[in-house]
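Biologist: I'd love a close look at one part of this model: a helix packing, taken slowly, and then its surroundings. Please start with whatever I need to know to read the geometry.

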Amino acid sequence: MLTDYHVHLRPDDGPTSAAEAFTPANAERYRERATELGIAELGVAEHIYRFSAALDVWDHPFWRRYARDDLDAYCGFVREETDLRLGLEMDFIPGREDRIANQLDGRDWDFVVGSIHFLRELSLDTEDFSIWGTGESADRVWRRYFETLAESARSGLYDIIGHPDLVKVWGRAAPIPDGDLRRYYEPAVEAFAETGVAVELSTAGWRKPVGEQYPSVPYLEMLVDAGCPIALSSDAHVVDQLGFEYERALKLLEDLGVGEIAVFERRQRRLEPVG
Ligand SMILES: [Zn+2]
Ligand SMILES: [Zn+2]
């Protein structure tokens with residue numbers, strides 16, 4: 001079994017509207033490519049901030065810039081006009097758990113990916129609103145990132161924790177703490193193990209400045225030792241990124257003795273042999 005769940009039907013920036021992206025023809029292009037790659041379980045997980053409902057959760061100016069599509073129309077499209085698994089990439093915003101739950105409840109997800117792109121008002125992975133260069137030390141940013149990630153798992157809102165060390169996305173272009181980084185991963189791994197949430201192996205990091213999958217190898221080793229289920233995705237934003245670098249990811253899983261990956265249907269998880 002191969003999965004690609006954390007998938008977007010259009011790029012984050014650029015002119016593609018929901019009307020153009022959420023069409024049976026576009027979904028079919030993704031399905032055909034996935035079939036070529038042997039990926040049987042294909043899902044979509046659009047960013048919450050592309051939907052107007054996002055502003056009921058959080059009123060950040062970055063979100064306000066993009067939040068215009070209808071969340072129910074997206075769910076209806078995926079369910080009724082495609083055979084894709086229905087997911088959502090839902091940011092974790094501390095203190096907004098009830099509002100997040102309001103958006104998730106009553107909608108028919110196969111899985112919900114929890115992501116952290118912002119710490120307070122500042123962004124980890126975009127040049128706008130960037131946390132980098134604000135004078136915050138790498139140590140503080142990293143500590144806060146992994147503590148918030150632990151909180152996101154403990155919220156119980158998510159099926160999959162997405163790109164679980166996104167804080168490193170810029171590689172050497174942003175400050176990185178010194179020494180063995182496992183001290184930062186520890187609180188997150190503890191929370192994941194305690195809650196049983198699945199953790200994403202995302203191949204997207206291989207096409208970002210850091211040039212490394214999420215999570216890093218030492219972090220992934222800690223997750224495997226703690227018994228955390230692993231979910232495999234590419235975070236594709238275009239068809240050509242589906243299954244990105246999966247051979248490399250499968251080799252990594254094999255090297256670490258991971259024989260199963262998480263598969264989701266209507267927010268029920270099972271484990272299937274990977275490959
Ligand atoms: Zn993301
Ligand atoms: Zn994503």
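Modeller: Happy to! One cut-off first: an angle under 35 degrees between two axes counts as roughly parallel. Please also keep in mind that this is a predicted model.

Now to the pair I would pick, helix H7 (residues 182-195) and helix H8 (residues 217-225). Their axes lie 10 Å apart and make an angle of about 30°. That angle falls under the cut-off, so H7 and H8 are roughly parallel to each other. The crossing in which H7 passes H8 is right-handed. On the H7 side the contact is made by Arg182, Tyr185, Glu186, Ala188, Val189 and Phe192, while H8 brings Pro218, Tyr219, Met222 and Leu223. Eight residues of this contact are nonpolar and two are charged, with no polar ones.

H7 has another partner, helix H6 (residues 138-154). Here the angle is about 5° and the axes are 8 Å apart. H6 is therefore roughly parallel to H7 as well. From H6, the residues Asp139, Trp142, Arg143, Phe146, Leu149, Ala150, Ala153 and Arg154 take part; in H7 they meet Tyr184, Tyr185, Pro187, Ala188, Glu190, Ala191, Phe192, Glu194 and Thr195. Sorted by character, the residues of the contact of H6 with H7 come to eleven nonpolar, one polar and five charged. If you are colouring residues, try Tyr185, Ala188 and Phe192 of H7: they belong to the contact with H8 and also to the contact with H6.

Next, the loops around these helices. The loop between S7 and H7 holds His163, which has a positive phi of about 20° without being a glycine. The loop between S8 and H8 contains Pro215, and the peptide bond that joins Tyr214 to Pro215 is cis, with omega about -5°. Both kinds of feature deserve a second look, because most residues other than glycine have a negative phi and most peptide bonds are trans.

Those loops take us to the strands. Strand S7 (residues 160-161) and strand S8 (residues 198-202) pair in the parallel sense over two bridges, and Ile161 stands opposite Val199 in S8. They belong to an open sheet of seven strands with parallel pairing, in the order S1-S2-S3-S4-S7-S8-S9. At its edges are strand S1 (3-4) and strand S9 (230-233), each of which pairs on one side only.

For a contrast in pairing sense, move along to strand S10 (residues 260-265) and strand S11 (residues 268-273), which pair in the antiparallel sense over six bridges. They form a hairpin with two residues between them, and Arg266 in the turn has a positive phi of about 50°. Within this pairing, Ile261 stands opposite Glu272 and Ala262 has Leu271 as its bridge partner.

Finally, let's zoom out to the whole chain. The protein has nine helices and eleven strands. Its C-alpha trace spans about 50 × 45 × 30 Å along the principal axes. Its radius of gyration is 17 Å, which agrees with the value near 19 Å for a compact globule of 275 residues.

Conventions: Residues numbered from 1 in each chain as written. Chains lettered and ligands numbered in written order. Predicted model: local features only at pLDDT ≥ 70, side-chain atom pairs only at ≥ 80, totals over all residues. Heavy atoms only, no water. Axes fitted to C-alpha atoms, helices over the stretch in contact; angles between N-to-C directions. Helix = DSSP H or I, 4+ residues; strand = E, 2+ residues; numbered from the N terminus. Parallel < 35°, antiparallel > 145°, perpendicular 65-115°, else oblique. Left-handed = near helix turned anticlockwise from the far one by under 90°. Contact = heavy atoms within 4.5 Å. Nonpolar A, V, L, I, M, F, W, Y, C, P; charged D, E, K, R; others polar. Pairing = 2+ DSSP bridges. Rg over C-alpha atoms; globule rule 2.2 N^0.38 Å.
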